[in-house]
Amino acid sequence: IIPSQAVLLPEIRPIIKKNKSFNPRLLICLPGRRHKKDNYRLLKLLKKIEDYIDNYELHLRIHPTENIDVIKKMINKFGFKKYINITEKYSDISKEFSQLDTIAIAGLTGTYYELVYLGYKVISFDPQYDLYKKMPVVLEGVINEIQLKNQIDYLNMLDFDKWYQKANQIS
């Protein structure tokens with residue numbers, strides 16, 4: 001492993017308009033099939049705060065290696081009252097979701113860094129692996145519902161330019 005100092009945000013940020021429904025969005029990006037326990041833990045965490053995020057549209061982006069039927073079974077097992085939009089095919093996030101009204105949640109995947117690079121406010125779901133070195137993230141990774149609620153609130157209040165400054169400092 002070679003540590004590096006990297007600037008992960010482009011010089012020019014894309015300007016994407018807010019979604020027409022004016023509902024804020026949570027974009028949950030699940031890791032691949034080798035991370036079934038992480039997917040389960042993240043969905044369980046979302047279920048615990050389901051009432052708290054009632055005004056959000058929930059969008060679930062499944063990793064290309066994951067079996068969608070397995071994820072649907074997990075969702076059904078938890079008994080979500082809220083409708084969850086599931087992206088069944090790999091798609092270009094930047095064309096479907098505005099950076100201005102979307103908060104993403106991603107685990108220990110390259111998707112986290114892609115989202116940061118594209119200018120999205122991203123919450124890191126901490127899988128609690130025993131890593132040699134912690135992966136750099138903008139905000140401390142979340143492991144429980146209190147931390148998740150706090151970060152959602154914080155990111156809602158955080159000005160887009162301030163997020164950009166914070167995100168540009170990870171290395």
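## Strands and helices around β1, β2 and β4

Let's start with a pair in the sheet: Leu 26 stands opposite Leu 58 in β2. Bear in mind that this is a predicted model. The two strands involved, β1 and β2, run parallel and share five bridges.

β2 also has a partner in β3 (residues 84-87), again parallel, with four bridges between them. There, Leu 60 is set opposite Ile 86 in β3. Add helix α2 (residues 68-78) and you get a right-handed β-α-β unit made of β2, α2 and β3.

How do the side chains of β2 sort themselves out? Glu 57, His 59 and Arg 61 point one way, while Leu 58 and Leu 60 point the other way, and all are buried. With five of its five residues buried, β2 is therefore largely enclosed by the rest of the structure.

β4 tells a similar story. Five of the five residues of β4 are buried, so the rest of the structure largely encloses this strand too. Thr 102, Ala 104 and Ala 106 head one way from β4, and Ile 103 and Ile 105 go the other way. β4 pairs in parallel with β1 over five bridges, and four bridges tie β4 to β5, also in parallel.

Here are the strand pairings side by side:

| Strand pair | Sense | Bridges | Citation |
|---|---|---|---|
| β1 and β2 | parallel | five bridges | |
| β2 and β3 | parallel | four bridges | |
| β1 and β4 | parallel | five bridges | |
| β4 and β5 | parallel | four bridges | |

For landmarks along β4, Leu 27 stands opposite Ala 104, and Ile 103 sits opposite Lys 121 in β5.

Now for the helices. Helix α4 (residues 110-117) buries Thr 111, Tyr 112, Tyr 113, Leu 115 and Val 116. What covers them? The cover includes strands β1 (25-29), β2 (57-61), β4 (102-106) and β5 (121-124), along with helices α3 (93-96) and α6 (160-167). Just past the end of α4, Gly 119 adopts a positive phi of about 95°.

Over in α6, the buried residues are Phe 160, Trp 163, Tyr 164 and Ala 167. Looking down the axis of α6, these buried residues fall within an arc of 100°, so they line one face of the helix. That fits the usual geometry: an α-helix has 3.6 residues a turn, so residues three or four places apart point the same way. The cover over the buried residues of α6 includes α4, β5 and α5 (145-157). At the N-terminal end of α6, Asp 159 acts as a cap, with a side-chain oxygen 3.0 Å from the backbone nitrogen of Asp 161.

How values were computed:
Residues numbered from 1 in each chain as written. Predicted model: local features only at pLDDT ≥ 70, side-chain atom pairs only at ≥ 80, totals over all residues. Heavy atoms only, no water. Buried < 20%, exposed > 50% of the residue type's maximum accessible area, 1.4 Å probe, protein only. Contact = heavy atoms within 4.5 Å. Arc of directions from axis to C-beta. Polar contact = N/O pair within 3.5 Å; in protein donor to acceptor, adjacent residues only side chain to side chain. Pairing = 2+ DSSP bridges. Right-handed = clockwise from strand over helix to strand, strands pointing away.
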